[in-house]
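Student: I should like to take a close look at a single part of this structure. Could you guide me through it, and then place it beside the open spaces and the core?

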Amino acid sequence: MQPDRHAPANGIAFAAALAFWLKLGCISFGGPAGQIAIMHQELVERRRWISERRFLHALNYTMVLPGPEAQQLATYLGWLMHGTLGGIVAGALFVLPSLVLLLLLSWIYLTFGDVSMVAGVLYGIKPAVVAIVAFAGFRIGSRVLKNWAVRALAILAFTAIWIGGVPFPAIVIGAALLGAIGAWLRMPQFAPDSASHLRRSETAGRALIDDDTPVPAHARFSVLRLSIIVGTGVLLWCGAMAALVESYGIDSPLPQIGWFFTKAALLTFGGAYAVLPYVYQGAVVEHGWLTALQMIDGLALGETTPGPLIMVVTYVGFVAGWSREVLGGDSPALGGVLAACVATFFTFLPSFLFILAGGPAVEASRNDLRVTGPLLAITAAVVGVIVNLALFFSYHVLWPAGFDGAFEWAALVIGLAGAMALWRSVGVIAVIVGAAVLGALWHSVAAL
């Protein structure tokens, strides 16, 4: 299970891989599509560390898992190259820069959020976030909703959550069951699609881990290895939860945060945008850890940092720890840091477990992955959920005081400008920065 750092059998030096994963963690802007594209370009096309088919096989597995698919793909590839340690290092470095930045930004937000300039920046970023969420729904929908069956699933999911208030987990489970039935009936509407969102490599020559490269020893299925990994994961979860309960009490927000984000980690089918309604429902409505507008601000901060957008859980944890004073009123920032780390740990622990435990079975069953029906159905339902999320955020941004209050025309203009920029393939970071500048200018003019 340990990598041979000096003479790796596949010819990929552990130090070189370590440097790449750290670099990836610092530049992985652009959401999962952009992050996957970076890994494809670097590992498949430029470095030739892994072949196209092996890369897509790993991607197919991570796409059917709950959790951030790009982070799990990095974990899988690191594990395939250098065993368990390689997977842990790759997955951890993918999120570490984002964790550090979000802790800093969350502290700045809660400390200086009422300063005029900061308020103006956030005023501009909020409608840009709405545009980004809406555009994500459009982008996924245009790629997925190719026939009447999946369109019907998307409409059904939207109706269920918007009108019926059906919980997100129930929508995911229902969509998966319908997709499994459709695949079992061999309905062409649920047939697997090729990974057309990634351009096939035209680079000549063999990869170090090529199509016919034998499965390395650490990636071969073993009941003993599986038992050790699963047992270790369960012990880590139970140990961390027991430590929180013992140190702070069962009624403390900290074990509640750990339990809540464990559930969220198991329900993040379709990426971060799809699970945000669940996080909102629990963190804002049920527990009251933060307000709806603070949640939108957290999305804005999350969009400005590298790493998966699900890292917004770090921000949610920080605000919860700060507002609930988990370490007392004299140390709100330290309480926020502790709660943020708790939220991040319990969110990502299942992702590592899925890869390290399930990877060998996936490698043993290449070309026999029969999960496309449920995956397609879940993704279609996710489109409906994202549309609901975009409408929800639009209401809070355009009518911050409710329908009886004033309509924010400036926010509408900034949001439309952001949508047009995204349509013209302007990067997310550029859209966020531009919206922040516009918001600050408008806030300064309105204050005159």
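With which side chain does the side chain of Lys126 make a polar contact?

Tutor: The model is a predicted one. In it, the side chain of Lys126 makes a polar contact with the side chain of Asp297, at 3.4 Å. Lys126 itself belongs to helix H5, which covers residues 116-144. Its relative accessibility is 18%, and because buried means under 20%, Lys126 counts as buried. Leaving aside residues up to four places away in sequence, Lys126 touches Leu293, Ile296, Asp297 and Val397. Asp297 thus appears both among the residues that Lys126 touches and as its partner in the polar contact.

Let us turn to the empty spaces. Rolling a probe the size of a water molecule over the atoms shows where empty space is left. The second largest pocket has a volume of about 490 Å³. It is lined by 20 residues, and the closest to its centre are Ile88, Leu236, Phe345, Leu349 and Phe352. Helix H4 (69-112), helix H8 (223-248) and helix H13 (332-364) are the elements that give two or more residues to this lining. Of these, H13 gives the most, with eight residues. By character, the lining of the second largest pocket divides into 16 nonpolar residues, four polar and no charged.

The structure also holds one cavity of 30 Å³ or more. The space in the largest cavity is about 40 Å³. Its lining consists of Arg220, Phe221, Ser222, Arg225, Leu226, Ile229, Leu356, Ala357 and Pro360. Both H8 and H13 supply at least two residues each to the lining of this cavity, and both helices also contribute to the lining of the second largest pocket. In the lining of the largest cavity, six residues are nonpolar, one is polar and two are charged.

Finally, consider the core. In soluble globular proteins, nonpolar side chains tend to be buried together. The largest nonpolar core in this model has 129 residues, and those with the most contacts inside it are Trp21, Met39, Leu43, Phe55, Leu77, Phe261 and Leu290. H4 gives the most to this core, with 17 residues. Leu290 may serve as an example: not counting residues up to four places away in sequence, Leu290 touches Ala283, Val284, Met295, Tyr315, Val316 and Val319.

Definitions and conventions. Residues numbered from 1 in each chain as written. Predicted model: local features only at pLDDT ≥ 70, side-chain atom pairs only at ≥ 80, totals over all residues. Heavy atoms only, no water. Helix = DSSP H or I, 4+ residues; strand = E, 2+ residues; numbered from the N terminus. Buried < 20%, exposed > 50% of the residue type's maximum accessible area, 1.4 Å probe, protein only. Polar contact = N/O pair within 3.5 Å; in protein donor to acceptor, adjacent residues only side chain to side chain. Contact = heavy atoms within 4.5 Å. 1 Å grid on protein atoms, 1.4 Å probe; cavity = no way out; pocket = protein on both sides within 12 Å on 5 of 7 lines; lining within 4 Å. Points joined across faces, edges and corners; volume = space filled by probe spheres on them. Nonpolar A, V, L, I, M, F, W, Y, C, P; charged D, E, K, R; others polar. Core = buried A, V, L, I, M, F, W, Y, C linked by side-chain atoms within 4.5 Å.
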